[in-house]
Amino acid sequence: MKVNIINQSKHALPSYQTPSSAGMDLRANLDSSIVLKPLQRALVPTGLYLELPNGYEAQIRPRSGLAYKHGISIVNSPGTIDADYRGEIKVLLVNLSDQDFVVEDGERIAQMVVARHETVEWQESLSLTETERGAGGYGSTGVK
Ligand SMILES: O=c1ccn([C@H]2C[C@H](O)[C@@H](COP(=O)(O)OP(=O)(O)OP(=O)(O)O)O2)c(=O)[nH]1
Ligand SMILES: [Mg+2]
């Protein structure tokens, strides 16, 4: 699928790291590095602007390596990029470790997965179909 993109960053377009990757890594586009103190968050610019087709969204997800090695995650994970959004894609990083983390210009800070979504029209009803699960949840099926 072809998607229009404007790249105002200093970096190459996001790309899949392997042929069957679901996500493309996003790079920070910074004039100078950012220091994230423990529990601090920052809205990190990418310099990218998308025009997703209707019926698609982009999800901004953490990278597991940064999460595991440095406790870096995304506050609103997965971030939602709406098809009608024309602003800059930004990544809301948070440092969940007990050490400072430095975000460098050009660093791959997150990954973006483009996915289809449905647009729902509500059909208001007085009752719902019965199921085996019913209202059970939150561990209702046990732990083993
Ligand atoms: O991680 C994110 C999440 C969102 N956005 C942009 C694209 C998205 O389409 C828009 C709005 O996001 P969202 O709906 O999550 O935020 P909101 O707090 O509900 O703001 P709004 O009232 O503008 O929808 O912000 C990003 O750049 N990065
Ligand atoms: Mg919103």
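**Questions on a predicted model and its ligand**

Me: In this predicted model, how far is an oxygen atom of ligand 1 from an N or O atom in the side chain of Asn 76?
Reply: The pair consists of an oxygen atom of ligand 1 and an N or O atom in the side chain of Asn 76. A polar contact requires two such atoms within 3.5 Å. The distance is 3.1 Å.

Me: Which residue has a polar side-chain atom 2.6 Å from an oxygen atom of ligand 1?
Reply: Among the residues that surround ligand 1 are Thr 80, Ile 81, Asp 82 and Tyr 85. The side chain of one of them places a polar atom 2.6 Å from a ligand oxygen, and that residue is Asp 82.

Me: Which residue offers a polar backbone atom to a nitrogen atom of ligand 1?
Reply: Here the protein atom belongs to the backbone, and the distance to the ligand nitrogen is 2.8 Å. The residue is Lys 90.

Me: What percentage of the area that ligand 1 exposes when taken alone does the protein bury?
Reply: Taken alone, ligand 1 exposes 570 Å². The share of this area that the protein buries is 49%.

Me: Which element gives the most residues to the shell around ligand 1?
Reply: The surrounding residues include Gly 79, Thr 80 and Ile 81. Strand S8 spans residues 79–81. With three residues, the element that gives the most to the shell is S8.

Me: How many residues of the shell around ligand 1 are charged?
Reply: The shell divides into nonpolar, polar and charged residues. Three are nonpolar and three are polar. The number of charged residues is three.

Me: Which strands stand at the edges of the open sheet of four strands?
Reply: The order of this sheet is S2-S11-S6-S8, with antiparallel pairing. Each edge strand has a single partner strand, so one side of it is left without a neighbour in the sheet. The edge strands are S2 (24–27) and S8 (79–81).

Me: Which residue in S8 stands opposite Gln 59?
Reply: Strand S6 covers residues 56–61 and pairs with S8 in the antiparallel sense over three bridges. Gln 59 therefore falls within the range of S6. Its opposite residue in S8 is Thr 80.

Me: Between which two residues is there a cis peptide bond with omega about -10°?
Reply: One of the two residues lies in the loop between strand S7 (72–74) and S8, and that residue is Pro 78. The cis peptide bond joins it to Ser 77, giving the pair Ser 77 and Pro 78.

Me: Which strands are the edge strands of the open sheet of three strands?
Reply: The order here is S4-S9-S7, with antiparallel pairing. Each edge strand pairs on one side only. The edge strands are S4 and S7.

Me: Which residue in S9 stands opposite Ile 74?
Reply: Three bridges join S7 to strand S9 (residues 90–95), and the two run antiparallel. The residue in S9 opposite Ile 74 is Leu 93.

Me: Is the protein more spread out or less spread out than a compact globule?
Reply: The protein has one helix and eleven strands. Its radius of gyration is 19 Å, whereas the globule rule gives 15 Å for 144 residues. The first value is well over the second, so the protein is more spread out.

Note on methods: Residues are numbered from 1 along each chain as its sequence is written. Chains are lettered from A and ligands numbered from 1 in the order in which they are written. This is a predicted model: local features need pLDDT of at least 70, side-chain atom pairs count only at pLDDT 80 or more; totals for chains, interfaces and linings use all residues. Side-chain values use heavy atoms; hydrogens and water are left out. Two strands pair if DSSP finds at least two bridges between them. A residue is near a molecule or strand if one of its heavy atoms lies within 4 Å of it. A polar contact is a pair of N or O atoms within 3.5 Å; within protein, one must be able to donate a hydrogen and the other to accept it, and residues adjacent in sequence count only if both atoms are side-chain atoms. Accessible areas come from the Shrake-Rupley method with a 1.4 Å probe; for residues, only the protein chains shown count as cover. Ala, Val, Leu, Ile, Met, Phe, Trp, Tyr, Cys and Pro count as nonpolar, Asp, Glu, Lys and Arg as charged, and the others, Gly among them, as polar. The radius of gyration is taken over C-alpha atoms; the globule rule is 2.2 Å times the number of residues to the power 0.38.
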